[in-house]
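Please open the structure in your viewer and keep the sequence panel visible. The tour below proposes what to select at each stop and states what is found there.

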Amino acid sequence: MALYALSHTALFSHTMAQIRKISKNCHFLAFSYLSFSCYFYYMFTGLIEKVSTVKEFKLTSDGARISFVADFDNVKIGDSIAINGVCLTMTSINGNLFSADVMKETLAVSNLKNLKPQDEINLERAMKLSSRLDGHIVSGHIDTTASVKNIIQDGFSKRISFNCDTNLIIKKGSVAINGVSLTVSSVEDGFFEVSLIPETIRNTNLKNLKIGDIVNIEYDLFAKYIQKFTQNKKESKLTFEFLKENGF
């Protein structure tokens with residue numbers, strides 16, 4: 001594990017050094033350096049560690065506080081945790097009772113405002129740099145919510161479609177639903193579909209979904225960046241020859 005962590009860190013450091021070297025000539029890579037530096041050191045994978053239940057949810061005019069029970073080890077106040085895909089900060093720990101504050105902006109763009117005691121929630125702690133990335137890069141920053149359109153049992157899998165803006169969703173691409181990393185199986189105008197294997201059904205709160213339920217959606221990070229940069233009308237200096245000259 002130590003050797004793996006060292007090689008992983010060395011590869012990351014080399015890539016970042018190359019990006020720093022050429023970023024002065026390419027706005028895309030300059031921004032990528034800042035973005036990837038952030039996400040590689042502070043990110044989630046979309047693989048749910050535990051499903052817990054809400055112990056208490058206090059909603060006030062200032063925001064909200066959510067409390068839940070979990071048997072996490074080596075967790076301290078200030079650590080990041082994704083609850084239904086929303087990145088929050090641990091603000092209180094009392095044995096196996098954890099609490100996190102939710103600001104008004106987060107309540108406005110996510111389904112956390114609908115929580116009530118005994119509701120099941122997906123939990124994932126921020127990954128370590130030495131960990132394997134088995135899902136996809138998830139930031140914990142919710143883009144929108146979606147409603148369940150249809151649920152179909154298909155052999156041992158379950159196909160679920162969601163009403164949602166699909167501008168940033170592609171077939172076979174990644175999407176995080178309530179913090180769960182999933183592959184898009186089909187896309188239509190105004191809705192998309194994913195297929196859940198039994199493992200995902202058993203170990204996430206997606207098993208409880210009913211038609212009309214609201215879920216959190218985080219679009220693929222790369223899709224968002226690509227959309228941002230393709231909207232830039234300036235001529236890009238990034239070419240295959242340029243990358244080759246700089247060690248890529």
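**First stop: strands S3 and S6**

Select Ile81 and Arg125: Ile81 stands opposite Arg125 in S6. Residues are numbered from 1 along each chain as its sequence is written. The model is predicted, so local features need pLDDT of at least 70 and side-chain atom pairs count only at pLDDT 80 or more, while totals for chains, interfaces and linings use all residues; side-chain values use heavy atoms, with hydrogens and water left out.

Now extend the selection to residues 80–83, which form strand S3. S3 and S6 pair in the antiparallel sense over three bridges. Here a strand is a DSSP run of E with at least two residues, numbered from the N terminus, and two strands pair if DSSP finds at least two bridges between them.

**Along S6 to S1**

Select residues 120–125, strand S6, together with residues 50–60, strand S1. Four bridges link these two strands, again in the antiparallel sense. To inspect one of the positions, highlight Ser52, whose bridge partner in S6 is Ile121.

**Two hairpins: S3, S4 and S5**

Return to S3 and add residues 86–94, strand S4; the two pair in the antiparallel sense over four bridges. Ile83 has Val86 in S4 as its bridge partner. Which residue in the turn of this hairpin has a positive phi? It is Asn84, with a phi of about 55°, and two residues lie between S3 and S4.

Next, add residues 97–103, strand S5, which pairs with S4 in the antiparallel sense over four bridges. Asn94 stands opposite Leu97 in S5. The hairpin of S4 and S5 also has two residues between the strands, and Gly95 takes a positive phi near 70° there.

**The barrel**

Now select strands S7, S8, S11, S10, S9 and S12. These six strands close into a barrel in the order S7-S8-S11-S10-S9-S12, with antiparallel pairing. Neighbouring strands of this sheet are turned by 45° against each other on average, direction ignored; the axes are lines fitted to C-alpha atoms, and angles run from 0 to 180 degrees between N-to-C directions.

Within the barrel, colour residues 174–177 (S9) and residues 180–188 (S10), two antiparallel strands joined by four bridges. Ala176 stands opposite Ser181 in S10.

**Last stop: Glu188**

Finally, select Glu188, which is found in strand S10. Is Glu188 buried, partly exposed or exposed? Glu188 counts as partly exposed because its relative accessibility is 43%; buried means under 20% relative accessible area, exposed over 50%, and partly exposed in between (1.4 Å probe, protein chains only). Add Thr166 to the selection: Glu188 and Thr166 are 22 residues apart in sequence and 7.5 Å apart in space, C-alpha to C-alpha.
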